[in-house]
Protein chains: 2
Amino acid sequence: MAPKVTEEHKEQRRLEILKAARKVFAEKGYEPMTMQDVIEETGMSRGGVYLYFSNKEDLFMSMLEQKDDEGWDTFRQELEELPTVWAFVDQLLADNEDSFNDFTDSLIPAIIEFFVAGWREEKRMERQGVRYQRIIDAMTHMIELGKERGEFRPLLPSDVLARHISTVLDGIALHSLYLKAERVMMKEQIEAFRLSLKHLLQVQE
Amino acid sequence: MAPKVTEEHKEQRRLEILKAARKVFAEKGYEPMTMQDVIEETGMSRGGVYLYFSNKEDLFMSMLEQKDDEGWDTFRQELEELPTVWAFVDQLLADNEDSFNDFTDSLIPAIIEFFVAGWREEKRMERQGVRYQRIIDAMTHMIELGKERGEFRPLLPSDVLARHISTVLDGIALHSLYLKAERVMMKEQIEAFRLSLKHLLQVQE
DNA sequence: TATAATAGTGACAAAGGTGTCGTTTTTATT
DNA sequence: AATAAAAACGACACCTTTGTCACTATTATA
């Protein structure tokens, strides 16, 4: 006659597992990470973890959703705080440069791995589609804001430029991942992209 | 008192296996493909295949080397044949657009998968380093040729631009892989990149 | 404090793949 | 033909990971 445990408690457990998963995914990447790792990290039992997440894919997707929500907040906030949109773009490039320089304890490798390995699976494609759209919308919004403020007079439609930015950043991430940062001359490439963007956006000084 | 079989015969066998591997890697991608698949495709026995290649990684690397050699020949040849260097760049973009549009029976997914999944392994990093350098050298050569001929007056050093081109093309490949081509607006993105390149290279009309 | 619902446990069977190795077959030489 | 070197075979033992399920422990209510 009594339901067992409060919803808060269950939510707490869920968050614990997600936290452990995040740590382990960052350490090992997607494919090499096993449920065993999460189990050990949480200190729970096998069955216990499976009570909350039915497999590795489920766990990863939940974790990614959580992480993306956080990233989204940061994006909006920084866009509001910085004086000009171009300053924000500049910041965005610098941030990416930093995070691609060292993948230790970063989730980026696991994320790339997850979607690359899963490209034949409809489920992941769909998820990635939603995720992508969100990023593109954010970038498009950013460019539109620059237009409204008279900072930019882009040579191409905002949504195309938004995709271009996303593509180039992911391209740099990809190359930084499986080569060394020096070898891909990341610093110089970011600089090259900044130059190219200045032209494409026709940034007004 | 007698060595067994001619070297040519062994080489033939090796090529047979490589051919089968290429087909199967293109069909299934790197990770899902098993040695069993190659064995079935060749019609040989398990032990027979292992006599030539000691594991999947070895097999893939050999196959990739073979493929890259072919690609290299094509690159040099087309660069010589086309009237201007810019025409060659244009062709390069068009070719990439085509190949990213449909990954059916393409090795591209397997290649991306292979290097992404193996980024922690020194051996693969090294291999990819050599591979990358070759691509960058080719691109650098191409840009230098354009400079010599007075077609380009690049805003940045050739080796930086070479890396930028490689990065952007791989970025587009990556996005085309785990999203749909329409969603990433590939055609438009290639067009955007063409515009950006025209500026960065300062193509003289 | 009795109880019933359910959260949590961990041993286990099953799946799926790998590389080896004793055996058989093939083939160049004598 | 006889022979010996080695190419080719394929059954097999081994490993790693997964998801389940009969059982135990815990906890909100009556």
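The contact between the two chains takes 40 residues from chain B and 40 residues from chain A. Keep in mind that this is a predicted model. On the chain B side, four helices each supply at least two residues to the surface that touches chain A: α6 (108-117), α7 (122-148), α8 (158-178) and α9. Of these, α8(B) gives the most, with 13 residues. Sorted by class, the side of chain B that touches chain A has 23 nonpolar, 10 polar and 7 charged residues.

**How the copies are related**

Two copies of a chain are related by a rotation about an axis and a shift along it. Here, a turn of 180° with a shift of 0.0 Å along the axis lays chain B on chain A, and the RMSD is 0.0 Å. That is the relation of a two-fold axis. If you want to find the axis in chain B, go to B:Gly171: its C-alpha is the nearest one in that chain, 1.8 Å from the axis. The copies also meet through the same surface, because 100% of the interface residues of chain B are interface residues in chain A too.

**Two helix pairs**

Two packed helices are described by the angle between their axes and the distance between the axes. Here is one pair across the interface and one pair inside chain B.

| Helix pair | Angle | Axis distance |
|---|---|---|
| α9(A) and α9(B) | about 115° | 10 Å apart |
| α8(B) and α9(B) | roughly 175° | within 12 Å |

Start with the pair between chains, where helix α9 covers residues 186-201 in chain A and residues 186-201 in chain B. With axes at about 115°, α9(A) is roughly perpendicular to α9(B). The crossing in which α9(A) passes α9(B) is right-handed. Which residues meet there? From α9(A) come A:Ser196, A:His199 and A:Leu200, and they face B:Ser196, B:His199 and B:Leu200 of α9(B). By class, this contact has 2 nonpolar, 4 polar and no charged residues.

Now the pair within chain B. The axes of α8(B) and α9(B) cross at roughly 175°, which makes α8(B) roughly antiparallel to α9(B). On the α8(B) side, the contact is made by B:Leu161, B:Val168, B:Ile172 and B:Ser176. From α9(B) come B:Met186, B:Gln189, B:Phe193, B:Leu200 and B:Leu201. These residues divide into 7 nonpolar, 2 polar and no charged.

One residue links the two pairs: B:Leu200 takes part in the meeting of α9(B) with α9(A), and B:Leu200 is also in the contact with α8(B).

Notes
Residues are numbered from 1 along each chain as its sequence is written. Chains are lettered from A and ligands numbered from 1 in the order in which they are written. This is a predicted model: local features need pLDDT of at least 70, side-chain atom pairs count only at pLDDT 80 or more; totals for chains, interfaces and linings use all residues. Copies are superposed by least squares on the C-alpha atoms of residues with pLDDT of at least 70 in both. Two residues are in contact if their C-beta atoms, placed from the backbone, lie within 7 Å. Axes are lines fitted to C-alpha atoms, for helices over the stretch in contact, and angles run from 0 to 180 degrees between N-to-C directions. Angles under 35 degrees count as roughly parallel, over 145 as roughly antiparallel, 65 to 115 as roughly perpendicular and the rest as oblique. A crossing is left-handed if the near helix is turned anticlockwise from the far one by less than a right angle, and right-handed if clockwise. Ala, Val, Leu, Ile, Met, Phe, Trp, Tyr, Cys and Pro count as nonpolar, Asp, Glu, Lys and Arg as charged, and the others, Gly among them, as polar.
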